Amino acid sequence: MAKSFTQEFVKGLWEEIPPFRLVLGLCPVLGVTTTMENGIGMGLATTFVLLCSNVLVSLLRNIIPSKVRIACFIIIIATFVIVVELLMQAYTYPLFLKLGVFIPLIVVNCVVLGRAEAFASKNSLLPSIADGLGIGIGFTLSLAALGALREILGTGTFYGAMVFGPFFKPFTFMVQAPGAFVCLGLMLCVMNLFGSK
Amino acid sequence: MRELIKMVIVLTILSAFSGGLLAGLRISTAAQIENQQLKFVKGPAIKAILEGAANDPIVDRFKVTDGDIDRSFFVGKFNGKANTVAFESFGKGYGGEVGLMVGVDLDNDKIIGVGVTTHSETPGLGAQAKDDPTFVSQFKGFAIVEPVKVTTDGGKINAMSGATITSRAVCSAATDAGQIYQKLKPQLAEKLKEFE
């Protein structure tokens, strides 16, 4: 039960990496990963919300009555999502435009609620911070990886820079919705191949 | 009973705290957000609409009070005359308000061009209103005072396929712009003289 800070942190990076191991929060995973930049931006926004909500839920876990805990969690999460939305509008406007409706949708990202309910509401502050950071960074890495894969295949660029030169014909399919499912499926497949015991 | 009271109190305090925090943050970021919107969203739309203007429309702007709202107008000078303004109006889209920048020539009351500014429409469908210029180019040359409608509603604008609600939103924003324009035209003409 009593795991160290590092253990809680590291588990989010591989053992419980959200989209691939927990298969949670797939809406933004499929929706915004058309480029690596979008993936990282979305991942960082989610990490911020996850970390803040984990901290607050963990601090308030003895005050929140268990019958209305989900409502309380949602209020906390929604608050931080709007904070992120306003901050992104104020400071990283072009990214905010690209992510559009997916930023408010972090509210219903089940990774965030899932960690609040399954972890932060049962653990003290420090492990909750580690959990939030770990899962958040794991989420960011998965989005970045999926975004990079789709960007390379779909538009022939990597983080905005050309990879193959002008004669490469991109598979536009990969940056569209069906391509997202195919990429995610392939990555899950690879993860399972390596992770199978 | 005690549990019930506790639930109500906790939820109330939490909501109040959250509301206060967000209101504060909203006020403190409002100016910065307006700057960013001018730079990234309205700026390009205004420049596209008032293409070839002799001045910088983003610098040459003024505000007119309409009821209890301040509306920003951006001035375009053509052939040495400040006779064109661009301003923003809104329509109800699929994912919230759709902002539309409308450029009007005061000499003949005709739309010289429109461009979508802020929106939260579905990427690939409604968002095409902003990304694909063919839809908004249909508005060019319409008389601003006439209501604008899509063909399915008996108008002249071809809706974007798969995005009828967004198309309607853009049309209703344009119609709304017409009403604002009619109401404020005397004041606009007055203000424009300052930019001659």
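User: How much space lies in the second largest pocket?

Analyst: Happy to help! This is a predicted model, in which local features need pLDDT of at least 70 and side-chain atom pairs 80 or more, while totals for chains, interfaces and linings use all residues. Residues are numbered from 1 along each chain, chains are lettered from A and ligands numbered from 1 as written, and side-chain values use heavy atoms, without hydrogens and water. A pocket is an open set of points on a 1 Å grid over the protein atoms alone, where a 1.4 Å probe fits, with protein on both sides within 12 Å along at least five of seven lines; its volume, the space filled by probe spheres set on the points, is here about 380 Å³.

User: Which helix supplies the largest share of the lining of this second largest pocket?

Analyst: Lining residues have an atom within 4 Å of a point. Helices are DSSP runs (H or I, at least four residues) and strands are E runs of at least two, numbered from the N terminus. In chain B, α1, β5, α2 and α3 each supply at least two lining residues. The largest share, 6 residues, comes from α1(B).

User: How are α5(A) and α7(A) oriented to each other?

Analyst: Their axes, lines fitted to C-alpha atoms over the stretch in contact, with angles from 0 to 180 degrees between N-to-C directions, come within 10 Å and cross at roughly 130°. Angles under 35 degrees count as roughly parallel, over 145 as roughly antiparallel and 65 to 115 as roughly perpendicular, with the rest oblique. Therefore α5(A) and α7(A) are oblique.
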